Amino acid sequence: MNQFDDQKCKKIQLDITEHINQCNDIKDLNLAKSHFVGKDGIITTILRQCMKDPDINGEDKKIVGKKINDLKDFFSNLYKEKINEMQNLAQSAEQVDFTIPVYSNIGKMHPLSLAKEQIHKIMQEMGFCHEKGPSIESEYYNFEALNIEKNHPARNEKDTFFVEENVLRTHTTSVQIRALESGKYKDNFRIYSIGDVYRRDDDSTHLPMFHQIEGFIVDDNASVSTLKGFLLDFLKKFFEKDDVEIQLRPGYFPFTEPSVEVDVKFDNGKWLEILGAGMIRKNILQKNGYKKGFAFGIGLERIAMIKFGISEIHDLVDNNLPWLKKYGSKGIAL
Ligand code: DAH
């Protein structure tokens, strides 16, 4: 009889509580059921042993029987409670409306990112390969290899950020030299690069960090007229309209000859300069084993502002939420 005293009863109750608490589903609960009150379960076995034990007299057997029944009730109460709890949980999960659109309130793409994505797409459709270069560039790739001599005004500390013996690149034209020198490209090919550039300009119409698209085509048929044709095609695709008008004015860049500045005509009839371009200088091409090519450099901010009707360049970096909501692209889930 002292095999099954009150202490043992308490211990079994604790075991039952712990087991049931750990159940996650009906399967777990059924395992607990057979563990405690099944045919060979702990409680059933104790009852069977007590009833067979010749040392336990009839009166004591009744007491044990009562304790065992209490334990079975204890188990079945906890079992029922747990089942109820599981059913309630399942019901509340069913009340979640899975048809509510997930992306209803998600962020939009910044107009600069959008313009960049569109340009990647257009350039790749036009047969260009993308090349990257470092933002911290050597003076060789940023200046020397592009015929920008030591005494050129662009190379002084008023215009350029110096980083030890390097510079923050002032244009993406450095990538042109890197691609030409790489020897990766043979015969006729088209390369472009989009990236960050830096200049010591910070006023109402300039940002010290902005972005450029550099592109060039090495091709036996490259000429100023194929350059103009290409630029017109590109701008029509970017501005998504057919009636784009451009004009080429003579310009000067140390790495192209002839060089041109290109203006685009606005709806109000005014011309706005949007890019520089020209025939790549012979010394640059020949040094790398090439004959003919044209190149162009476009300011990403400028053409994005024209396309999206943005008048203040600083708005692009001010992180103003209402502005971002207005000018961000619609419906793009990030
Ligand atoms: N690198 C020039 C700039 O930053 C832009 C440019 C002009 C790039 C003419 C070119 C080019 O490739 O041919 O102002």
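## The β8–β9 hairpin

In the hairpin formed by β8 and β9, five residues lie between the strands, and Gly269 takes a positive phi near 90 degrees. Strand β8 (residues 256-265) pairs with β9 in the antiparallel sense over eight bridges, where two strands count as paired if DSSP finds at least two bridges between them, and where strands (E, at least two residues) and helices (H or I, at least four) are DSSP runs numbered from the N terminus.

This is a predicted model, in which local features need pLDDT of at least 70 and side-chain atom pairs count only at pLDDT 80 or more, while totals for chains, interfaces and linings use all residues. Residues are numbered from 1 along each chain as its sequence is written, and side-chain values use heavy atoms, with hydrogens and water left out.

## The sheet around β9

The hairpin strands belong to an open sheet of seven strands with mixed pairing, in the order β1-β5-β6-β10-β9-β8-β7. Its edge strands, β1 (129-130) and β7 (246-253), each pair on one side only.

Seven of the 10 residues of β9 (residues 271-280) are buried, so this strand is largely enclosed by the rest of the structure; buried means under 20% relative accessible area, exposed over 50% and partly exposed in between, with a 1.4 Å probe and protein chains only. Within β9, Gly278 is the bridge partner of Ser259, and Gly278 also stands opposite Ala295 in β10. Strand β10 (residues 293-299) runs antiparallel to β9, joined by five bridges, and β10 is also antiparallel to β6 (residues 209-218), joined by seven bridges, with Phe294 of β10 as the bridge partner of Ile217.

## Helix α3 and its neighbours

In helix α3 (residues 42-52), the buried residues are Ile43, Thr44, Ile46 and Cys50. They cover an arc of only 160 degrees around the axis, which puts them on the same side of α3, the arc being that of the directions from the helix axis to the C-beta atoms. The face turned away from this buried side carries the exposed residues Gln49 and Lys52. What covers the buried residues includes α1 (6-21), α2 (26-37) and α4 (58-94), contact meaning heavy atoms within 4.5 Å.

The axes of α3 and α4 are 10 Å apart and the two helices pack at an angle of about 175 degrees; axes are lines fitted to C-alpha atoms, for helices over the stretch in contact, and angles run from 0 to 180 degrees between N-to-C directions. The two helices are therefore roughly antiparallel to each other, a term used for angles over 145 degrees.

Methods
Parallel < 35°, antiparallel > 145°, perpendicular 65-115°, else oblique.
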